[in-house]
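Visitor: I am new to this structure. Please take one part and show it to me closely. I would like to see what holds it together with the rest.

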Amino acid sequence: MINVLAGSENDAALIARAAGTAARVVTDAVQFTNGDGPVECLILGCRHPIPPETIELLRDIERKRLWMPLILVTDREPEAVRRLSGVKTSAVVWFADLQTALPLEIEAARGSVPLLRLAEQAGDAKLPPSLRTALPYSLRAATDRPARSVKELAAAGRYSPITLSKAFSAWHDGRTTLSRFLEALVILRARQLRASGLGWKRVSAHLGFARETLQRKSKRWPGCTLVQLEKVPPDRLLTALVEQFLQPTRLRDPRNRVPDSGSRNA
């Protein structure tokens with residue numbers, strides 16, 4: 001899903017048509033950054049002059065939504081370029097070039113996000129149908145609110161929890177479980193949110209787990225307290241997650257590699 005927020009209904013409709021069928025127009029900043037379901041890209045449309053509150057929203061997304069593609073659509077004006085000089089986005093697209101440039105930038109932005117790249121790889125891998133559906137969903141969801149349990153993931157993919165758990169366990173020859181993988185995604189997202197400057201109280205509220213629960217999960221994977229977790233770079237944590245839980249997917253295609261995080265360039 002691609003969330004689209006713009007300063008007018010007309011601009012939102014223009015952007016949504018250019019973005020394609022995955023686009024969903026929202027009406028406020030809360031829906032934009034915290035919509036229902038996994039969001040793969042955020043597109044913000046704003047005409048010149050860009051107001052201060054839009055710049056602040058962009059900076060807030062940069063702090064709190066690590067690895068989330070963010071595309072700004074605006075007018076080709078020197079002043080707009082100047083205002084954006086200190087803001088990091090995946091891309092800036094001019095309204096005049098919307099139809100031709102936006103689809104290409106969306107594709108490039110999706111490819112720059114490690115969890116979304118992994119989701120694409122999992123969807124293309126030679127896996128049981130249940131995992132080929134569930135793994136991409138879980139990875140996309142982890143860019144915001146990871147699935148809280150196997151039961152929740154199963155409901156989203158319309159498979160039974162037992163079917164998913166058995167398929168994942170068999171895929172790993174019984175060395176780990178789907179529940180452990182989902183817990184690892186929760187801890188990865190928790191570390192991202194903490195790195196964005198949120199305190200553990202707000203991290204807990206966002207993920208829907210008490211701090212004590214996050215502490216237990218962190219002690220199981222990667223094996224440290226939350227205080228120790230704060231010292232682990234998110235990229236290193238992602239690499240560890242891939243190596244422990246997703247290596248079989250990557251090994252099926254020798255062209256795949258452990259992803260590193262892409263930085264936004266204005």
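Guide: Let us take helix 10. Keep in mind that this is a predicted model. Helix 10 covers residues 178-195.

Start with the nonpolar side. The largest nonpolar core has 46 residues. Helix 10 gives the most to this core, supplying 10 residues. Other helices take part too. Those that each supply at least two residues include helix 6 (114-124), helix 9 (161-171) and helix 11 (200-207). Helix 7, helix 8, helix 13 and helix 14 do so as well.

Which residues have the most contacts inside the core? They are L139, F181, L241 and L246. Look at F181. Set aside its neighbours within four places in sequence. F181 is then in contact with L135, S138 and L139. F181 also touches F168, L241, F245 and L246. Three of these names return from the list of residues with the most core contacts: L139, L241 and L246.

Now turn to the charged side chains. R189 forms a salt bridge with D144. Their closest N and O atoms are 3.8 Å apart. D144 lies in the loop between helix 7 (129-141) and helix 8 (150-157), while R189 sits in helix 10, so the pair ties together parts that are 45 residues apart in sequence. Are these two buried or exposed? Both D144 and R189 are buried.

Helix 10 has a second link of this kind. R194 meets E230 in a salt bridge, at 3.0 Å from N to O. R194 is in helix 10 and E230 is in the loop between helix 13 (226-229) and helix 14 (234-251), so this pair joins parts 36 residues apart in sequence. Here the setting is partly exposed. E230 has a relative accessible area of 28%. R194 comes to 25%.

Step back for context. The whole structure holds 11 salt bridges. One of them pairs R76 with D97, with the closest N and O atoms 2.6 Å apart. R76 lies in the loop between strand 4 (70-74) and helix 4 (78-83), and D97 in the loop between strand 5 (91-94) and helix 5 (98-111), so the pair ties together parts 21 residues apart in sequence. R76 counts as exposed, at 52% relative accessibility. D97 is partly exposed, at 27%.

To sum up, return to helix 10. Helix 10 gives 10 residues to the core. R189 pairs with D144, and R194 pairs with E230.

How values were computed. Residues are numbered from 1 along each chain as its sequence is written. This is a predicted model: local features need pLDDT of at least 70, side-chain atom pairs count only at pLDDT 80 or more; totals for chains, interfaces and linings use all residues. Side-chain values use heavy atoms; hydrogens and water are left out. A salt bridge is a side-chain nitrogen of Lys or Arg within 4 Å of a carboxyl oxygen of Asp or Glu. Helices (H or I, at least four residues) and strands (E, at least two) are DSSP runs, numbered from the N terminus. Buried means under 20% relative accessible area, exposed over 50%, partly exposed in between (1.4 Å probe, protein chains only). A nonpolar core is a set of buried Ala, Val, Leu, Ile, Met, Phe, Trp, Tyr and Cys residues joined through side-chain atoms within 4.5 Å. Contact means heavy atoms within 4.5 Å.
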